[in-house]
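Here is a set of exercises to work through with the model open beside you. Try each task on your own before reading its solution.

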Amino acid sequence: MSCLELFLSFLQIGLFSFGGGYAALPLIQGQIVTVHGWLGMSEFTDLITISQMTPGPIAINAATFVGIKIAGVPGALAATFGCILPSCVIVTLIARLYLRYQNLDALQSVLNSLRPAVVAMIASAGISILVSAFWGEGASVTLADTNWTLVAIFGVCVLLLRKFKMNPVWVMLLAGLLNAVLSYLS
C-alpha cells in the first residue's frame, strides 16, 4: 500500500504544482508533512536542502527521497513516476495548443494572471522554510528563540547570491563550512 500511496500523493503534486519546483513546495509539504506525516518539518527542510544540492527538479528529487525513505527503491520509483507522469502528459498537450494559439491575447492574459498566484505559492513555501530554519520545528517565533547564527549565515548567503552572483553550490558549501566553524568555536 505504501507504493500506491506514494504514487497517488506525488501524482497530485505533479498534477497541481503549476509554476515549477518552488511553487510545488507547499503541495509537497502538505502531502508529506501534513497529510501523511512521512517527514517532520525539520526533515522537510533537510529534504529541500538536499534537493537543492542535487541535480534535477526539486519535486522529482523530493519524490525520490521520500520514496526511498518510505518504501525503498520501489517507493522511489513509484513516487518519482507519479510526480513526472502528469507533466509528461500535460506538457505534450499544452505544447501543441500553445504552438497553435500562442498569439491570442486571451491566452497571454491568462498566463499573466497566473504569475501572482505562483509568486504567492513560492513566498508561502519560503516563509515556512525560513521559520523552520531560524526557530526550529514547533518552537515559538520570538526574538529569544531565534538562532542568530543561522540568521547571519542566511544574510551572508543572500548577499553572496544577489550582490556577487556567486554560484549557489559554492554558497551552500560555504554556508555549511561557516556553520561548522561557528559551531566549533562556540
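**Exercise 1. Decide whether Ser-2 is buried, partly exposed or exposed, and find what Ser-2 touches.**

Step 1. Start with the cut-offs: buried means under 20% relative accessible area, exposed means over 50%, and partly exposed lies in between (1.4 Å probe, protein chains only).
Step 2. Ser-2 has a relative accessibility of 33%, so Ser-2 counts as partly exposed.
Step 3. Now place the residue: Ser-2 sits in helix H1. Helices (H or I, at least four residues) and strands (E, at least two) are DSSP runs, numbered from the N terminus.
Step 4. Look for contacts, meaning heavy atoms within 4.5 Å. Leaving aside residues up to four places away in sequence, Ser-2 touches Ile-70 and Ala-71.
Step 5. For a longer view, go to Val-110, 108 residues from Ser-2 along the chain; their C-alpha atoms are separated by 38 Å.

A word on the source: this is a predicted model, in which local features need pLDDT of at least 70 and side-chain atom pairs count only at pLDDT 80 or more, while totals for chains, interfaces and linings use all residues. Residues are numbered from 1 along each chain as its sequence is written, and side-chain values use heavy atoms, with hydrogens and water left out.

**Exercise 2. Sort Ser-9, Thr-80 and Val-89 by burial.**

Step 1. Ser-9 belongs to helix H1, residues 2-16. Its relative accessible area is 3%, so Ser-9 is buried.
Step 2. Not counting residues up to four places away in sequence, Ser-9 touches Gln-31, His-36 and Trp-38.
Step 3. Thr-80 lies in helix H4, and its 17% relative accessibility makes Thr-80 buried. With residues up to four places away set aside, Thr-80 touches Ile-60, Ala-63 and Thr-64.
Step 4. Val-89 is also found in helix H4; at 45% relative accessibility, Val-89 is partly exposed.
Step 5. The C-alpha atoms of Val-89 and Leu-15 are 9.8 Å apart, although 74 residues separate the two along the chain.

**Exercise 3. How many salt bridges does a search of the whole structure find?**

Step 1. The test is a side-chain nitrogen of Lys or Arg within 4 Å of a carboxyl oxygen of Asp or Glu.
Step 2. The search finds 1 salt bridge. The side chains of Glu-43 and Lys-69 form the salt bridge, at 3.8 Å from N to O.
Step 3. This pair links distant parts of the chain, 26 residues apart: Glu-43 is in helix H3 (residues 41-53) and Lys-69 in helix H4 (residues 58-101).
Step 4. Check both partners: Glu-43 is partly exposed at 32%, and Lys-69 is partly exposed at 43%.

**Exercise 4. Describe how H3 packs against H4, and how H2 packs against H5.**

Step 1. Two packed helices are described by the angle between their axes and the distance between the axes. Axes are lines fitted to C-alpha atoms, for helices over the stretch in contact, with angles from 0 to 180 degrees between N-to-C directions.
Step 2. H3 and H4 pack at about 125°, with axes 9 Å apart.
Step 3. Angles under 35 degrees count as roughly parallel, over 145 as roughly antiparallel, 65 to 115 as roughly perpendicular and the rest as oblique. H3 and H4 are therefore oblique to each other.
Step 4. Residues meeting here include Leu-47 and Ile-48 in H3, and Phe-65 and Val-66 in H4.
Step 5. The axes of H2 and H5 come within 7 Å and cross at roughly 60°, so H2 and H5 are oblique too.
Step 6. Among the residues making this contact are Tyr-22 and Leu-25 of H2, with Val-118 and Ala-125 of H5.

**Exercise 5. Check the span of helix H5 and list its buried residues.**

Step 1. The expected span is 1.5 Å times one less than the number of residues.
Step 2. For the 31 residues of H5 (residues 105-135) this gives 45 Å, and the end C-alpha atoms are 46 Å apart, which agrees.
Step 3. The buried residues of H5 are Val-118, Ala-125, Ile-129, Ser-132, Phe-134 and Trp-135.
Step 4. Their cover includes helix H2 (21-35), H3 and helix H6 (148-162).
Step 5. Just after H5, Gly-136 has a positive phi of about 80°.
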